[in-house]
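Biologist: I have the picture open, and I would like to learn what the labels stand for. Could you take me through them step by step?

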Amino acid sequence: MGILIKEVDVLTQNRNRDVLRGVDILIQGKRIEKIGRNIKGKTEFKIDGRGKLAVPGLINTHTHVAMTLFRGYADDMRFWEAWPERIWPREKKVKAEDVRAGSLLGCLEMIRSGTTCFMDNYFFMDEVAEAVKGVGMRANLAYGMIDIGDAEKRKKELKIGEEFVKDFDGKADGRIGCSFAPHAPYSCSEELLLKAKELAEKHDALLQIHVAETRKEVFDSLKKSGKRPVEYLESIGFLSKRVIAAHCVWITKREVGMLGSKGAKVSYNPVSNMKLASGGVAPIPQMLESDVCVTFGTDGAVSNNSLNMLETIKVGTLLQKSHLWDSRVLNAQQALDFATINGAKALGIEAGSVEEGKLADMFLMELNSPNLLPANSLVSNLVYSSNPSNISDVIVDGKLVMKDRKILTIDEEKVFEKIRKVSEKFRE
Ligand SMILES: [Zn+2]
């Protein structure tokens with residue numbers, strides 16, 4: 001067992017952000033056992049790391065992975081028209097096996113673009129969990145709950161949400177964590193939000209929620225409660241360090257302060273926000289000033305339309321610079337931090353950096369590529385110049401999931417075949 005990577009360059013993402021040149025990495029079991037020179041040891045796999053860069057696996061903190069099924073169905077339309085017209089009628093036809101297929105497809109796309117861990121909420125989550133298990137990724141999953149004020153529905157949703165946590169938390173050799181996901185402050189009653197919080201405490205789990213994604217949401221919230229979305233969540237006592245709030249594009253400095261003081265984390269989804277013309281831009285500099293842990297998410301493939309975190313990292317930095325007329329805002333290192341160590345911190349996993357003792361979640365990138373030479377700055381090259389085709393190998397939980405661009409855990413062709421088949425019924 002084990003993997004030995006020889007003479008590789010490393011973006012460690014450790015405390016000093018050290019960049020190592022030509023070192024060996026020994027992986028035993030789930031963890032990185034040793035990083036150094038001339039490491040010897042008997043391992044199942046030996047990888048020649050010369051000309052390659054080891055990078056901590058990227059962590060995508062907001063997606064709906066099975067929505068790959070509907071990729072391209074809601075483009076260039078108004079958000080509030082696209083979903084009722086194009087997505088909800090199709091979601092009514094979704095069966096468990098479709099979610100499995102869509103999730104496997106999404107996982108393959110994520111692996112090939114360097115993502116080793118993701119946070120997800122949708123329905124038929126058992127199928128998402130099985131996909132994660134089979135493909136070998138790490139994930140934090142939740143059943144997405146909505147009650148729209150209906151007490152009967154609330155009871156049912158909470159039951160499904162809790163059952164899922166009971167069934168899958170810690171499964172797949174610890175690669176699967178579970179959380180609770182009340183959809184949003186506007187689609188969930190106060191009772192549901194608070195009950196979800198209570199359950200999260202009971203099971204020591206995280207809370208995923210969409211917050212302040214559109215201007216309409218803010219207007220409606222003000223009309224209903226006299227408070228903006230984050231103010232409302234604060235007033236009912238929902239905010240805590242367990243919360244991972246996706247989007248947060250229409251929030252004030254005061255609301256940023258509330259997130260910071262409660263230790264809530266933010267999932268910044270720049271591509272989704274731009275594609276859906278959400279208009280608002282997450283106030284990243286203010287979030288950093290208020291010590292908010294900022295992470296990156298892609299959102300689902302209907303609103304992105306890819307799950308490519310490398311693209312999200314680049315677009316996320318460009319959006320801040322463009323929006324604020326300041327090219328110094330959100331530098332490459334900070335953006336890489338969001339996608340690695342901050343993601344790990346938000347999800348409570350011992351990953352996000354390539355260091356001795358950490359979980360072995362990483363990918364290797366071919367440096368001898370036209371878009372990555374010369375290697376004047378490895379961080380800059382990764383953030384601004386790289387793309388998924390540069391990625392050759394992916395390791396999750398100490399196991400090779402992709403080697404020399406070949407997926408080892410599942411038969412990729414079979415997934416493609418299944419997708420072609422299940423996607424037919426959604427076409428009309
Ligand atoms: Zn979402």
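Modeller: Happily! Let us start with one term: buried means under 20% relative accessible area, exposed means over 50%, and partly exposed lies in between, with a 1.4 Å probe and protein chains only. Keep in mind that this is a predicted model, where local features need pLDDT of at least 70, side-chain atom pairs count only at pLDDT 80 or more, and totals for chains, interfaces and linings use all residues. Residues are numbered from 1 along each chain as its sequence is written, and side-chain values use heavy atoms, with hydrogens and water left out.

Biologist: Why does phenylalanine 426 count as buried?

Modeller: Its relative accessibility is 0%. Buried needs a value under 20%, so phenylalanine 426 counts as buried. Phenylalanine 70 is buried too, with a relative accessible area of 0%.

Biologist: What makes phenylalanine 70 and phenylalanine 426 an edge-to-face aromatic pair?

Modeller: Rings of Phe, Tyr and Trp (its six-membered ring) pair if their centres lie within 6.5 Å; planes under 30 degrees apart are stacked, over 60 edge-to-face, and the rest tilted. Here the centres are 5.2 Å apart and the planes make 85°, so both conditions are met. The pair links distant parts of the chain, 356 residues apart: phenylalanine 70 is in the loop between β6 and α1, and phenylalanine 426 in the segment after α14 (412-422). Helices (H or I, at least four residues) and strands (E, at least two) are DSSP runs, numbered from the N terminus.

Biologist: How do you know that arginine 90 lies over the face of tyrosine 73?

Modeller: A charge sits over a ring if NZ of Lys or CZ of Arg is within 6 Å of the ring centre and within 35 degrees of the ring normal. Arginine 90 is at 3.6 Å from the ring centre of tyrosine 73 and lies over its face.

Biologist: What makes His62, His64 and His210 donors of the zinc ion?

Modeller: Donors are N, O and S atoms within 2.8 Å of the metal (3.2 Å for Na, K and Ca); water is not among the atoms, so sites may look incomplete. The NE2 atoms of His62, His64 and His210 coordinate the zinc ion at 2.1 Å, so they qualify. Their spacing along the chain is H-x1-H-x145-H. Histidine 64 lies in the loop between β6 (58-63) and α1 and histidine 210 in strand β10 (residues 206-211), so the two tie together parts 146 residues apart in sequence. Both histidine 64 and histidine 210 are buried.
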